[in-house]
Structure formats: C-alpha cells, structure tokens
Amino acid sequence: MPSLFRQVMAALLACIALSGALSAAESENRAQVIGTLHAVDAQKKVVNIDHPAIPEFKWPAMRMDFGVAKEVNLAPLKAGQKIQFTVTHSEKGGYLVTAISPAP
Ligand SMILES: [Cu+2]
C-alpha cells in the first residue's frame, strides 16, 4: 500500500507540475477523455483511471486518482471497464471528474 500511495502521489504531482503553465482560458478548463477504470470508491468519490495524454491540460498518459463530483453516480461503473469521462479544472486549481460513463 505505501508504494501504491507513493505512485499515486507521484502521478498527481506530475500532473500538477505539468499543468503549471495551463492558461485560464474557459475552453481549456475541461477535457473529455476515454480511459480505463482501475478502481472505484463510490463512498469516497474517488476513481483510479488510466488515461491517455490529455492535450487540454498538457498531461502525458498516466494512471492516477481523481476526485469525483458529488452529483456523479458511480454505482453503474465497475473496475476494468473502458470509460469516457469529463475532467474539469476548477479555479482553485483542482481537477475533478464531473461526468463518467461506460465508453460506447
Ligand atoms: Cu494524470
């Protein structure tokens, strides 16, 4: 567990560092992405996702945890699924999954 935690933290820090130059333009505040869901914690509202590069945020491909917006229903999702999701970059600097569903 500690090593998984370090991996997750490293991925998060990489995302933060790489997105440091992100402009505040409205059009760059959101990205729609297809990825693979590795873990879902419906109670804590956290998902672990393998995502490809996300040019909107200047992120490389990686596996990382995302917080999920309160109103998003995680019940239909299962680990291992291909998913499409929306990541929204808030003004406070956080990244939140604001929509997620099985990939078509
Ligand atoms: Cu990432």
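What pLDDT does the protein chain average, and what share of the residues score at least 70? Before selecting anything, colour the chain by confidence: this is a predicted model, its chain averages a pLDDT of 85, and 79% of the residues score at least 70.

**Confidence along the chain**

Select helix α1, residues 2–18, and then strand β2, residues 46–51: among the elements of the protein chain, α1 has the lowest mean pLDDT, at 67, while β2 has the highest, at 98. Move next to residues 20–25, where pLDDT stays under 50 and for which the model has six contacts beyond four places in sequence.

**The overall layout**

Switch to a cartoon view, in which the secondary structure comes to one helix and five strands, arranged along the sequence in the pattern α-β-β-β-β-β. Hide the helix for a moment and follow the strands: a closed barrel of five strands runs β1-β2-β3-β5-β4, with mixed pairing. Neighbouring strands of this sheet are turned by 50 degrees against each other on average, if direction is ignored. With contacts displayed, note that residues 24 or more positions apart account for 52% of the contacts in the protein chain with a separation of 6 or more.

**Strand β1 and its two partners**

Select β1, residues 30–41, together with β4, residues 82–89; these strands run antiparallel and are joined by seven bridges. Now add β2, which pairs with β1 in the antiparallel sense over five bridges. A useful residue on which to centre the view is Thr36, which stands opposite Lys82 in β4 and also opposite Asp50 in β2.

Stay in strand β1 and pick Val33. Is Val33 buried or partly exposed? Val33 is partly exposed, because 19 other C-beta atoms lie within 10 Å, whereas a buried residue would need 20 or more. Not counting residues up to four places away in sequence, Val33 touches His51, Ile54, Phe85 and Val87. A distance to draw from here is the one to Ala53, 20 residues apart from Val33 along the chain, with the two C-alpha atoms separated by 9.0 Å.

**The hairpin of β4 and β5**

Select β4 and β5 (residues 95–102), which run antiparallel and are joined by seven bridges; Phe85 stands opposite Ile100 in β5. Five residues lie between the two strands of this hairpin, and Gly93 takes a positive phi near 100 degrees there.

Glu91 has its place in the loop between β4 and β5. Why does Glu91 count as exposed? Glu91 is exposed because there are 7 other C-beta atoms within 10 Å, and the cut-off for an exposed residue is 12 or fewer. From Glu91, draw a line to Asn29: the two are 62 residues apart in sequence, yet their C-alpha atoms are 8.8 Å apart in space.

**Two lysines with positive phi**

Most residues other than glycine have a negative phi. With that in mind, select Lys45, which has a positive phi of about 60 degrees although it is not a glycine. Lys45 is placed in the loop between β1 and β2, and counts as partly exposed with 16 other C-beta atoms within 10 Å.

Then go to Lys58, in the loop between β2 and β3, which likewise is not a glycine and has a positive phi of about 60 degrees. Because Lys58 has 14 C-beta neighbours inside 10 Å, this lysine counts as partly exposed.

**The nonpolar core**

For the last stop, show the side chains inside the barrel strands. Of the 104 residues of the protein chain, 17% count as buried. The largest nonpolar core has 13 residues, and those with the most contacts inside this core are Val47, Phe66, Val97 and Ile100. The elements that give two or more residues to this core are β1, β2, β3 (62–68), β4 and β5. Nonpolar side chains tend to be buried together in soluble globular proteins.

Which residues is Phe66 in contact with, leaving aside its neighbours within four places in sequence? Centre on Phe66 and select Val47, Ile49, Val87, Tyr95 and Val97, which are its contacts on that count. Two of these residues may already be highlighted, since Val47 and Val97 are listed with Phe66 among those with the most contacts inside the core.

Conventions: Residues numbered from 1 in each chain as written. Predicted model: local features only at pLDDT ≥ 70, side-chain atom pairs only at ≥ 80, totals over all residues. pLDDT = per-residue confidence, 0-100. Helix = DSSP H or I, 4+ residues; strand = E, 2+ residues; numbered from the N terminus. Contact = placed C-beta atoms within 7 Å. Pairing = 2+ DSSP bridges. Core = buried A, V, L, I, M, F, W, Y, C linked by C-beta atoms within 7 Å. Axes fitted to C-alpha atoms, helices over the stretch in contact; angles between N-to-C directions.
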